[in-house]
Amino acid sequence: MIKIETRDFGEIEVDENDVYDFPNGLYAFEDNKKFALLSPLGSDVYPMWLQSMDDPGLCFIVFNPVLIDGGFTITLEDNERRILGLGADDPATALVIAKVPADYKHTTVNMKSPIVINKAKRRALQVILPLDYPFRMPVYESREVG
């Protein structure tokens, strides 16, 4: 366990297995290379917090995109797989960054630029998908199924 300073929870202890290396940082935050994935609502319960290890004030609320759009898929380029250390059949996890306004019911997520994680190697990369996903998809809006 390591102690970190967080934006929303003060100083906490996190398991080193919950810390991920982002070799390219995140878009607009390229200097931040290490983030802890915090799950304060319970193990694998979303939303989660993606807390920078480099800047205590930098933290993102993230969701599992499949919970928002059951048909969500990721296509990775060979160089993205290489950066993540993913083989052809290795599993990857995706997260999408949320924008949470004062009225949380209007929360949106960026489905176009997910974060892809290789849990086994604790490496992560934000990618831009070639598919037509929105940058701002509502989280709490009902959608027709059909």
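**Notebook: charges, core contacts and backbone oddities**

I started with R7, which is partly exposed, with a relative accessible area of 40%. I note at once that the model is predicted.

**Entry: salt bridges**

How many salt bridges does a search of the whole structure find? I got 3.

The R7 side chain meets that of D8 in one salt bridge, at 2.8 Å from N to O. I looked up D8 too: its relative accessibility is 37%, so D8 counts as partly exposed.

Next I took E11 and K3. Their side chains meet in a salt bridge of 4.0 Å, N to O. Both E11 and K3 are exposed.

Then I turned to D21 and R123, whose side chains form a salt bridge at 3.7 Å, N to O. Because D21 sits in strand β3 (residues 19–21) and R123 in strand β10 (residues 123–126), this pair ties together parts that are 102 residues apart in sequence. I checked the exposure of each partner. D21 has 22% relative accessibility and counts as partly exposed. R123 has 26% and is also partly exposed. The cut-off for buried is under 20%, so neither D21 at 22% nor R123 at 26% falls under it.

**Entry: I117**

R123 came up again when I listed the contacts of I117. Leaving aside neighbours within four places in sequence, I117 touches Y20, A92, T93, L95, R123 and A124. I located I117 in strand β9 (residues 115–118).

Is I117 buried or exposed? I117 counts as buried, because its relative accessibility is 2%. I also looked up the spacing to I97. The two are 20 residues apart in sequence, and their C-alpha atoms are 13 Å apart in space. I97 is not on the contact list of I117.

**Entry: L95**

L95 is one of the contacts of I117, and I followed it up. I found L95 in strand β7 (residues 93–99). Its relative accessible area is 0%, so L95 is buried.

Which residues does L95 contact, neighbours within four places in sequence left aside? I wrote down L37, Y46, V62, F63, P65, P114, I115 and I117. I then looked up F63 from that list. F63 and L95 are 32 residues apart along the chain, yet their C-alpha atoms are separated by 5.5 Å. F63 ends strand β6, which spans 59–63.

**Entry: N17 and K121**

I moved to N17, which lies in the loop between β2 (10–14) and β3. N17 is partly exposed, with a relative accessible area of 47%. I asked what separates the C-alpha atoms of N17 and K121. The separation is 9.4 Å, though the two are 104 residues apart along the chain.

**Entry: backbone**

Most residues other than glycine have a negative phi, and most peptide bonds are trans. I looked for exceptions.

Y46 and P47 are joined by a cis peptide bond, with omega about 5°. I placed P47 in the loop between β4 (34–38) and β5. Y46 is already in my notes as a contact of L95.

D44 belongs to the loop between β4 and β5 as well. D44 is not a glycine, but its phi is positive, about 60°. I checked its exposure: at 53% relative accessibility, D44 counts as exposed.

A28 also has a positive phi, of about 75°, without being a glycine. I found A28 in the loop between β3 and β4. A28 is exposed, with a relative accessible area of 64%.

**Entry: surface patches**

Where do E30, D31, D54 and D55 gather? They form a patch of negative charge on the surface. I looked closer at D55. D55 is in the loop between β5 (48–52) and β6 (59–63). Its relative accessible area is 34%, which makes D55 partly exposed. A patch residue needs over 30% relative accessible area, so D55 at 34% passes that cut-off.

I noted a nonpolar surface patch too. V100, Y104 and Y140 make it, and its area is about 320 Å². I placed Y140 in the segment after β11 (137–138). Y140 is partly exposed, with a relative accessible area of 44%.

How values were computed:
Residues are numbered from 1 along each chain as its sequence is written. This is a predicted model: local features need pLDDT of at least 70, side-chain atom pairs count only at pLDDT 80 or more; totals for chains, interfaces and linings use all residues. Side-chain values use heavy atoms; hydrogens and water are left out. Patches are made of residues with over 30% relative accessible area and no salt bridge: like charges are joined within 9 Å, nonpolar side chains (Val, Leu, Ile, Met, Phe, Trp, Tyr) within 5 Å. Accessible areas come from the Shrake-Rupley method with a 1.4 Å probe; for residues, only the protein chains shown count as cover. Lys and Arg count as positive and Asp and Glu as negative; His and the chain ends are not counted. The place of a charge is taken as NZ of Lys, CZ of Arg, CG of Asp or CD of Glu. Helices (H or I, at least four residues) and strands (E, at least two) are DSSP runs, numbered from the N terminus. Buried means under 20% relative accessible area, exposed over 50%, partly exposed in between (1.4 Å probe, protein chains only). Contact means heavy atoms within 4.5 Å.
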